[in-house]
Amino acid sequence: MNLSVGIVGLPNVGKSTLFNALLKKQVANVANYPFCTIEPNVGIIEVPDERLSVLAKVVNTTKIVPAVVEFYDIAGLVKGASTGAGLGNKFLSHIREVAAIVHVSRLFEDANVTHVSDKIDPVDDIKTIESELMLADLATLDKQKEFKGDGAPKDAKVALEVFQKVKAELDKGIPVRSQALTDEELTTLKPLNLLTLKPVIYVFNVSEEQLADKKATEDRIEKILNQVQNDTNRQSSTVSHFIFLCAKMESEIVAFTVDEQKEYLKQYGLVESGLNRLIKKAYETLGLISFLTAGTIEARAWTIAKCTLAPQAAGVIHTDFEKGFIKADVIPYQKFVDAGGWTKAREQGLVATVGKDYVMKDGEVVEFKVNA
């Protein structure tokens, strides 16, 4: 299960700078004018996991395979994008398949970096992007076939009722993720890949001075998000789904060693980079965890949703593993390391053998037993 994230925002808010920092190299074209990103830049980025190098030593392997995140850097959207303004809704299609949206908003002041509306107004910026995504969703719903007469299939009639309900709320300025929808209604909507149904992580791009003044910056961001929520009649809070970072600084420190990065970040009261914090926030927002496998071939991390059962976790490795699942040997990561590997862990009775109804936990080291 790969995690895919689309990065959106107005032009010149720092999306491509953030993307470059995430990739640890210059792959996106950063320029001080709108629409410098003409095709979506896609990057496969490793999820930092210090456990893997430790596991590799324990099982005596040199191959480490971390989980990955797929990032899509989308061209800057502007007011009217849903109807073709700027580079238009061409780019909205690029994020229909992602699991989550990273919405980059600019807090930093810099006269040398133009703003599309000539002023720094995060509330207005966020509402502009959200409005364009909602308008794109309305366009998608409008395209759905309307069945008329008594001969229409029952499930089609039910789906149309759901679409009309969602459209009515969108017309009030309420994104789909904030609407009160049942599980059945959400299932009906799933094939449409509606943009405002996707969870959003707000990434506020700040100056180094704002980064250092953590309390004041957090307070300002919470006020911004609360105002957005109040202004758009949202029914659920989005305040928890945000981080702030200095994209410019992140792009500069990628040349540092890991130890140098940690030492540099200390002056800002940070213990890890913006990349690590963004990955963790994405996992938290999407309800994801990782399980681990370790053997002479490789030490590897696998991404699954919380509450995943053991057979479905096996299926992440290979679909045939889910079909042929017999049982699984599981052990918490730290116990596995302390014991020194599978053999000693089994000798000490630390390994549990579990069946099809076992719910996987984050950080467990696993060996699946399957029919060939």
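In this predicted model, cysteine 246 is buried, its relative accessible area being 4%. Cysteine 307 presents the opposite picture: with a relative accessible area of 64%, this residue is exposed. No disulfides occur, the count for the structure being 0. For orientation, a disulfide is a covalent bond between the sulfur atoms of two cysteines.

A look at the whole chain helps to set the scene. The protein is built with 14 helices and 12 strands. It comprises 372 residues, of which 52% count as buried. Its exposed surface comes to about 18,100 Å², and carbon and sulfur atoms contribute 51% of that area. Among contacts with a separation of 6 or more, 69% join residues that are 24 or more positions apart.

An open sheet of 6 strands can be followed in the order β2-β4-β1-β5-β6-β7, with mixed pairing. The edges are taken by β2 (41-46) and β7 (242-245); each has a single partner strand, so one side of each is left without a neighbour in the sheet. On average, neighbouring strands here are turned by 25° against each other, direction ignored. At the β2 edge, the pairing with strand β4 (residues 68-73) is antiparallel and runs over 6 bridges. Asparagine 41 has aspartate 73 as its bridge partner in β4.

Helices pack on this sheet as well. Helix α1 (residues 15-23) touches β1 (3-8), β2, β4, β5, β6 (200-205) and β7, and its direction makes about 35° with that of β2. Helix α10 (residues 274-286) lies across β1, β2, β4, β5, β6 and β7, and runs at about 175° to β7.

Within the sheet, serine 105 is a residue worth pausing at. This serine belongs to strand β5 (residues 100-106). Its relative accessibility is 2%, and the cut-off for a buried residue is under 20%, so serine 105 counts as buried. Apart from neighbours within four places in sequence, serine 105 is in contact with Pro122, Ile126, Val203, Phe204 and Asn205. Of these partners, Val203, Phe204 and Asn205 fall within the residue range of β6 (200-205).

Attention now turns to the aromatic side chains. In total, 7 aromatic pairs are counted. Phenylalanine 291 and phenylalanine 368 have ring centres 5.8 Å apart and planes at 90°, so this pair is edge-to-face. Since phenylalanine 291 sits in strand β8 (residues 288-294) and phenylalanine 368 in strand β12 (residues 364-370), the pair ties together parts that are 77 residues apart in sequence. Phenylalanine 291 and phenylalanine 368 are both buried.

Phenylalanine 368 also pairs with phenylalanine 325: the centres of these rings are 6.3 Å apart and the planes stand at 65°, so this pair too is edge-to-face. Here again distant parts of the chain are linked, with phenylalanine 325 in strand β10 (residues 325-332) and phenylalanine 368 in strand β12, 43 residues apart. Both phenylalanine 325 and phenylalanine 368 are buried. Together with Trp302, the residues Phe291, Phe325 and Phe368 make up one aromatic cluster.

Conventions: Residues numbered from 1 in each chain as written. Predicted model: local features only at pLDDT ≥ 70, side-chain atom pairs only at ≥ 80, totals over all residues. Heavy atoms only, no water. Helix = DSSP H or I, 4+ residues; strand = E, 2+ residues; numbered from the N terminus. Buried < 20%, exposed > 50% of the residue type's maximum accessible area, 1.4 Å probe, protein only. Contact = heavy atoms within 4.5 Å. Areas by Shrake-Rupley, 256 points an atom, 1.4 Å probe, with all protein chains shown as cover. Phe/Tyr/Trp six-rings, centres within 6.5 Å; stacked < 30°, edge-to-face > 60°. Pairing = 2+ DSSP bridges. Axes fitted to C-alpha atoms, helices over the stretch in contact; angles between N-to-C directions. Disulfide = S-S within 2.5 Å.
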